[in-house]
Amino acid sequence: MLLATGLCLTGLMTASASLAETDYTKSREKLIRSIEQDVRETASFIGTGKLDERVMQTMLKVPRHEFVPGLLRGLAYKNQPLPIGHGQTISQPYIVALMSSLLSVKPTDRALEIGTGSGYQAAILAELAGQVFTIEIIDELAKQASFVLDKQGYKNIKKRIGDGYYGWQAHAPFDVIVVTAAAGHIPPPLIRQLKPGGRMVIPVGSRFMVQQLVLVEKDNNGKVSTRQILPVKFVPLTGKHD
Amino acid sequence: MNIITQNESPPWFSIAVLSMSALAYEILLMRLFSIIQWHHFAYMIISLALLGYGASGTFLSLFRNYLLPRYPRVYLINIILFGFSSLLCYLISQQIRFNAEEIFWDAGQPLRLMAVYILLSLPFFFVATAIGLSFIRYQNDISRIYAADLLGAGSGSILVIALLFSVLPDDTLRYIFALAMLAAMLACWELYRADLYRSRLRLLFVMLFVLLLTMLIVFILPKSWTELQLSPYKGLSQTLRVTGARVVSEHSSPLGLISVVENPVIPFRHAPGLSLNATDEPPEQVGVFIDGDAMTAITHYDGDRQTLAYLDQLSSSLPYHLSTIKDVLILGAGGGADVLQAKYHKVQHISSVELDKQIIKLIRTEYKNFSGRIYNDNVNVYAEEARGFVVGDEKNYDLIQLVLTDSFGAASAGLYALSESYLYTVEALQEYLARLKPGGYLAISRWIKLPPRDTLKLFATAIDALRNNESHQIAQQLVLIRSLQTSTLLIKNTSFTAHELLSLNRFVNERSFDVAYYPGMKIDEANRYNIISSPLFYSGAMSLLGDKRNDFMQRYKFNIEPATDDKPYFFNYFKWRVLPEILALKGRGGVSLLESGYLILATTLLQSFFLSFIIIILPLMFFKRSKIRSSNKVINVRAFIYFLAIGLAFIFIEIAFIQKFIRFLHHPILSIAVVLASFLIFSGLGSLRSRRFVHLKQYDTGVKLSVLIIVVTGMGYTAFLGTAFTYLIGLPVILKVVLSIVLIAPLAYCMGMLFPIGMSRLSAISPELVPWVWGVNGCASVLGAILSTLLAIHFGFTFVIFFALALYTLAVVSSAGWLCDG
C-alpha cells in the first residue's frame, strides 16, 4: 500500500517534469502573482507594497525549474523552498525576490554571493548586476550550479569553490553582497569588502523557513548598521497594548 | 486448551532478560533518534512505536485461541523476532529519508514518517506478544510474570546507561541484539525444563548452538552497517560536506554523542554575536558537536593574548568593561571560549563548570596544547551540573557567566521546547545571585529571536528572581544589550552605578551593539544599530517592569512567563491562541513562527489517541461478533477505566519523580538511572508481594490498601520533599542516592501491586479480557508519557503528581463490582 502510494507520487512528479516551456512560462506568471500578493500582505514589515520592477521582470524570466532536482521540477514554481541535496535548499521565490529588491541592484554593480547553492540567486543577480562573483563551499553543489549557470548562458558570473568567510578580495569592493548562511556572526572581511553606500543581505533562520532577513548597510562614511526585516505578517505582538 | 503441567512454571528468566533488552532498546532508540534527528522527533517516533505494545493486545485478543496451544513456539519465535527486528527495523528506518523541516511543504514526508513508525513498532509488538501470551497461559502466576517483567526492565535501564558510557550508541545496538538472543537461549532452556520440549533434547542443543552463533556473529558485522545516518540538515552533516572537514574522534555517554571535527583547510570560526565593527577574527578552532548539532568550539591559544581580541567584541564581554573582575564562575563552559574571554581580561581566579566530563577530558588531553592548557593551569574545572555546583559551592564571585550553549539553528526552530532546563528558572537565578559578591554580576547570553521570545522571558525571570529576593529596586538592577544575533542580560544584587552606566554606553557604542534596557534609559536610545521594526526589546522590558506586567505577558503572542523549577520549560514559547493566525500564514513563511517542538508533542498525542482508540476498540468489536459470553459491558468499562487509570498514573508519577529528583541528585542521568530503576525494581517486588492478596482472594483489600499508601505517600512527598531536599542537598552523592531509593521504594512497591491484582482477578472472571487490558495498559503508558509532558508544561510537575493520585483513586472507584474479595 505504502509502496504503491510512493510510486504514484513519483509518477506524478515525473509527469510534471515534462511540462512544455509554455507551461513553465504560465507557471512563472502565476508565481509572480503569488509573490506580489505576499508582498502586499507583508508591506508594513518590508517597508514597501511593491518590489523593484526589474527584480520582478527577472523572476519572470529566469527558469527556476532548471535549478531544482529533476524529480521536483513539478514544484519549481510553487512559492516554497525545495531541497536540492547536500542538506541545502533553494530559497522560497518570495524571499529571493525580496532579498534582490532590498539590495537595490544597479546594472553597473559588482555583486558578491556567498553560498552559490542551486545557482538560482546568482542567475537573478546576473540579470540585475554588471558582474557577479559567487563562492560555494560544497564541491558537488558548486559543480552542479556551475553546470546549470553555464547551460543558461550566463557570461557575467565568476564562480569559485572555497571558503566564503574571506570574501573575494581580488575583486573587492562590492556594491552588493548576499550571504546565504551566517549562523553566528557576519564575517568582518565581508564588511570590509562592502563599498561605502553598499548593501548586504543575509537570511536568518532554518533552511526551510526563513524567519527574517538582515539588511546590512554601510553609509558613505563607512559606518555599518543592520536592519532586520521580518517578512511575515504577524503583528501586533500584544494586540491593542502596543 | 490451556493445559499446564503441574511442575510447569513460567519462563521467568527469559521474560526478565527480554524485558531488560526491550527497555534498553527503547532508551537506546531515543538516543539514536536524538542523534540522527532531533530530540522531539525522537520522542514522537518512539512514543508511537511503543504502541506496538497496544497492538499486541489486539493481536492476542483476536488470535488467542490459535496462539495459546502453540505457546512454546510462539513465545520463542517472538523473542527471536524481537532480536532480529530490533536490528533490522532500525537499519531499514535509517534508509527512509525523513526530514522534519519539510513536513509542512512536502506531502511525501508524512508517509515516510508513517513508515518509520510501523517499522519501529514491530520489535515492541514482538516483545509484548511474548509477554502478553505468557500472562494468558499462566493465569495463576500473573504477579510473578509481571515481577519478572519489571525487574528485568529495571535492570535494563541501568544496563543501557552503563553501555552508553562505554560503547558508541550504534554499537550498543549489537549488545541489545545479543541480549535478545540470550533471552531466546534462556527461553529454550526454560521451555525444555518445563516439559514443553522434553522429548527434543537434540533440537534444544541445535537451537542453543545456532542462537549462540547468531549472538556472536552480530559483533563481527561491518561497522558501516550500523553507522548512524544523520539528517543532512544537522550541523554536523553540513560541516562534514565542507572540504577538509573530518571527524577525528567520537565519545559517547548518555548525555550525548560527542563528535570532534577538525578542518585544516577551512577552519571553524565560532564567535556568536561578533560586533559589526570587529576587525579581529577568531583563531583556528576545532568543532565539538553534541548529538550532531549544538556546536561548541575549542579555540587555539598559544599564549598570545592578542589572538583572543575577538572575544572582547562579543556582547558577553560587557561585564569586564563595567568593573574589575577578580573572580569569575563560568557555568556550562563547553569548549572554553568564555574561559579564554576571562583570560583575555586578565581575571585572576577562574572557575569553570561543565556537565560533560568528556569535553573537559578532551581539552585536558587531546587538545591540551592546542587550547593553551586552559583547563590545566590556574583554572578550577569542575565536572558538575551547574546548579548543583552553585548550591554546594561556598565561594562568592564578581561575575557568574551562564554560557550560550544551545545551537542557533535548533533554538530558532523551537526545537528545545520539550527540553526541561533547570538553568533558567526563577529559583536557579536566585541561587546564582546568592553566590555573587556585593556589586557582582550575573551575566546570561541568549540568541536573538524575532519577534523577541527568550530574551524577554529571561528578563521576566530575572525580575521574579529579584522580587523573590525582596529587592525593592529591581529596575535599577538590570541591564540588557543586544548584538545582531545575541543578547546579554546583566543582573546585580545592588543598583548599577552612574559610572557603570557610562562604561556601558561606551561599550555598546564602540561595538555597534544596542541597549535594550538600562536604568533611566530613554526610548530614543533603543534600536540604533541593529534596527528592527520597532524597539520591541525595550518596550517589552519596560512593560515587564511596569504595573501591567501580567496583562502584557498574557496578551503577548509568545509564552514569556518565567520558568520555575515546577515548570522548567524555559524554551517553550508556544501559545495555542496564536496557532490559527500562524497557520493562515503557512505559505508565506509564517510557519517559522511556530514553536515546532510543542506542536509536535501535541500532534504525537493526537496520533496516539487515534491509534490507541483503534487498538482498544477493535477487540471489542470482535467480542461482540463472536458473542463471547463474559464480555459483560459493565466489566468491560470498569476494567478499561481501571487499567487505563493505573497505566497513566504509573507513568505520570515516574516522570514527575525523575524531574523532582533531578534537583536533588543534580545530574539528569543519575536521576533517570536511580528513579527509573528504583520504580521498576520496587514495583517488581510489589508485584511479587501482590501474590499474597491474589492467593487469599483479597483483591479489593489489596487495591484499596495500595492506593491508600500511594495517595498518602504521594501527597506527603509533594508537601515535604522540596523542603527536605533543601536541607539534605549538601549530603554526599552516595547518601543522596540511597535516600532517593528509600523514598521511592514504598511508593513504587504499592504501585507495582495494582496491575497484577487486577489481571489476576480478570483472568478468573473474564479471561478473554486479559490480552485486551494488556493492550489498554500499553496504550496508557504511551499516552501517559506524552500527556505528562503537556500537563507539566502548562501546570507543573506537582499538578502531574496530584493528577496521578486522582487517577489512582479513580482506579479504586472503577474496581467496584469486579475486583471484590473472596
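## A walk through chain B

Start by selecting helix α12 of chain B and colouring its buried residues: B:Q358, B:I359, B:I360, B:L362 and B:I363. Keep in mind as you look around that this is a predicted model. Now show what those buried residues pack against: β1 (246–253), β2 (256–262), β3 (285–290), β4 (293–299) and β7 of chain B.

**Next stop: B:I374.** Follow the chain out of α12 (357–364) and into the loop that leads to β7, where you will find B:I374. Is this loop residue buried or exposed? B:I374 counts as buried, because it has 27 C-beta neighbours inside 10 Å, and 20 or more is what that label takes. Put its contacts on screen as sticks: setting aside neighbours within four places in sequence, B:I374 touches B:Y301, B:G336, B:V339, B:L340, B:I363 and B:V379. One of these, B:I363, is also on the list of buried α12 residues you coloured at the start. For a distance check, pick the C-alpha atoms of B:I374 and B:R364: they are 10 residues apart along the chain and separated by 8.0 Å.

**Now the sheet.** From the loop, carry on into β7 and bring up the strands around it. You are looking at an open, mixed sheet of 8 strands, and reading across chain B the order goes β7-β6-β5-β8-β9-β11-β10-β12. Which strands stand at the edges? They are β7 (379–382) and β12 (514–517), and each has a single partner strand, so one side of each is left without a neighbour in the sheet. Sight along the sheet and you can follow its twist: neighbouring strands are turned by 20 degrees against each other on average, ignoring direction.

Zoom in on β5 (residues 327–331) and β6 of chain B, which run parallel and are joined by 5 bridges. To see the register, select B:D327, which stands opposite B:H349 in β6. Stay on β6 (residues 349–353) for a moment: 4 of its 5 residues are buried, so this strand is largely enclosed by the rest of the structure.

Then cross to the other end of the order. Strand β10 (residues 478–482) of chain B runs antiparallel to β12, with 3 bridges between them. A handy pair to label here is B:L480 and, opposite it in β12, B:Y517. Add helix α18 (residues 536–545) to the view: this helix packs on the sheet, touching β10 and β12 of chain B, and its direction makes about 20 degrees with that of β12.

**Zoom out to the domains.** Colour chain B by domain: domain 1 covers 1–229, domain 2 covers 235–289, domain 3 covers 304–573 and domain 4 covers 628–822. Hide everything but domains 3 and 4 of chain B, whose centres, over C-alpha atoms, are 40 Å apart. Where they meet, 13 residues of domain 3 are in contact with 13 residues of domain 4. Colour the domain 3 side by class and you get 4 nonpolar, 3 polar and 6 charged residues.

**Last view: the whole chain.** Switch to cartoon, and chain B shows 27 helices and 13 strands. Its radius of gyration is 28 Å, close to the 28 Å that the globule rule gives for 822 residues, so chain B is as compact as a globular protein of that length. Along the principal axes, its C-alpha trace spans about 90 × 55 × 55 Å. Colour by burial and 59% of the 822 residues count as buried. Finally, try a contact map of chain B: among contacts between residues at least 6 apart in sequence, 78% join residues at least 24 apart.

Methods: Residues are numbered from 1 along each chain as its sequence is written. Chains are lettered from A and ligands numbered from 1 in the order in which they are written. This is a predicted model: local features need pLDDT of at least 70, side-chain atom pairs count only at pLDDT 80 or more; totals for chains, interfaces and linings use all residues. Domain bounds come from an automatic or database domain assignment. Two residues are in contact if their C-beta atoms, placed from the backbone, lie within 7 Å. Ala, Val, Leu, Ile, Met, Phe, Trp, Tyr, Cys and Pro count as nonpolar, Asp, Glu, Lys and Arg as charged, and the others, Gly among them, as polar. Two strands pair if DSSP finds at least two bridges between them. Helices (H or I, at least four residues) and strands (E, at least two) are DSSP runs, numbered from the N terminus. Axes are lines fitted to C-alpha atoms, for helices over the stretch in contact, and angles run from 0 to 180 degrees between N-to-C directions. The radius of gyration is taken over C-alpha atoms; the globule rule is 2.2 Å times the number of residues to the power 0.38. A residue is buried if 20 or more other C-beta atoms lie within 10 Å of its own, exposed if 12 or fewer, and partly exposed in between; C-beta atoms are placed from the backbone.
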